[in-house]
Amino acid sequence: MIQIERILCPTDFSPESDRALRYAIAMAKTYGSTLLAAYCPPSFPDTQERERIHGHFEATLRAHTGIGKHAIKNRELLIREGDPDDEIPQLASEQRVDLIVMNSRRRPKTAALLGSTAEAVCRTAPCPVMVIHPNEREFVGATTGEIDLKRILVAHDFSNDSELAVRYAASLAQENQAEMHMLHVIPHLTAVAMSAAAPLIEEEFQRASRLLQQAIPTETHLWCEVKHAVRQGQPYREILNYADEQEIDLICLGVHGAGFAMRALFGSNADRVLRQAPCPVLIARPLKPLVIEN
């Protein structure tokens, strides 16, 4: 099972960031993890401001853990001056973080090419990133702070990165007795091409279905129900449609860093899922060691 020992949550202490911190606290309680909150102002705050920030952090912790109940003993607030796009991945490397949990504000479509801090972090983080959005289906109670995770979707393309997404989804499913949904999307063909390739397409559906069943570790069936689906079309659209139809609580995607970054300008499937998902999204990326430049 995946071990999540250190969780990093970037925050600017806005209500939106506090929401992401609520998720990070809930995950830390579930896995017994150390919780690290990261604040990256443009200039380092003075003593009075630092005291105010630490007070807000502790108050938020108390609000979501309860005084003296399920408290998170190992927690720390890290203050790092600089651009969050750069500092958050660097902190994650230095602190040997296993998971980043952060908020992403929904932006107008006209601003999509400008990117967001969450998208930038997803491209360069040395570990998986869970992204929380406003106005989405939530699986952590706003008042209870407890996880109620019922359905997890893994969008699987049979790559090694997708296998990592399966491992994270299976771990969360085991901890929360949640359903796992495995989805593979076959690229859409034109009507003419589809008619000519109909037998091959049917064969591809059958092959994908077999591979999806094989992608789940056998022991996973002992603690959760697993459902499989193969669809045809634009991958990001089918992922979003399936998540809506099945009332999915968390989408897990395996993403290779280089491909994600290179396709970002034109909007990769991962970008579009991140921007439009009806629920939180976990971008699963292999853990990478810290590289210190001379």
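The strands of this predicted model form an open sheet of ten, in the order β3-β2-β1-β4-β5-β10-β9-β6-β7-β8, with mixed pairing. Helices (H or I, at least four residues) and strands (E, at least two) are DSSP runs numbered from the N terminus, and two strands pair if DSSP finds at least two bridges between them. The edge strands, each pairing on one side only, are β3 (75–79) and β8 (226–233). From one strand to the next, the twist averages 20°. Axes are lines fitted to C-alpha atoms, for helices over the stretch in contact, and angles run from 0 to 180 degrees between N-to-C directions.

Residues are numbered from 1 along each chain as its sequence is written. Local features need pLDDT of at least 70 and side-chain atom pairs count only at pLDDT 80 or more, while totals for chains, interfaces and linings use all residues; side-chain values use heavy atoms, with hydrogens and water left out.

Strands of a sheet pair through backbone hydrogen bonds, either parallel or antiparallel. Strand β10 (residues 281–284) has partners of both kinds. With strand β5 (residues 129–132), β10 pairs in the antiparallel sense over three bridges, and Ile283 is the bridge partner of Val129. With strand β9 (residues 250–254), β10 runs parallel, joined by four bridges. Here Cys252 stands opposite Leu282, and Leu253 stands opposite Ile283.

In a regular strand the side chains alternate between the two faces of the sheet. In β10, Val281 and Ile283 lie on one side and Leu282 and Ala284 on the other, and all are buried, leaving both faces covered. Buried means under 20% relative accessible area, exposed over 50%, and partly exposed in between, using a 1.4 Å probe and protein chains only.

Helix α4 lies across β4 (99–103), β5 and β10, and runs at about 165° to β4. Because six of the eight residues of α4 (residues 117–124) are buried, this helix is largely enclosed by the rest of the structure. The buried residues are Ala118, Glu119, Ala120, Val121, Cys122 and Arg123.

Helix α8 (residues 235–245) also packs on the sheet, touching β6 (151–155), β7 (179–187), β8 and β9. The direction of α8 makes about 140° with that of β8. Contact means heavy atoms within 4.5 Å.

Two packed helices are described by the angle between their axes and the distance between the axes. The axes of α8 and helix α10 (residues 269–276) come within 9 Å and cross at roughly 30°. The two helices are therefore roughly parallel to each other, the term for angles under 35 degrees; over 145 counts as roughly antiparallel, 65 to 115 as roughly perpendicular and the rest as oblique. Pro235, Tyr236, Ile239 and Leu240 of α8 make the contact with Asn269, Arg272, Val273 and Gln276 of α10.

Two further residues can be placed by their contacts. Thr34 lies in strand β2 (residues 34–39) and is buried, with a relative accessible area of 18%. Not counting residues up to four places away in sequence, Thr34 touches Glu5, Arg6, Ile7 and Asn74.

Ser17, in helix α1 (residues 15–31), is buried with a relative accessible area of 6%. Leaving aside neighbours within four places in sequence, Ser17 is in contact with Thr11, Asp12 and Asn103. Ser17 and Asn103 are 86 residues apart in sequence and 5.8 Å apart in space, C-alpha to C-alpha.
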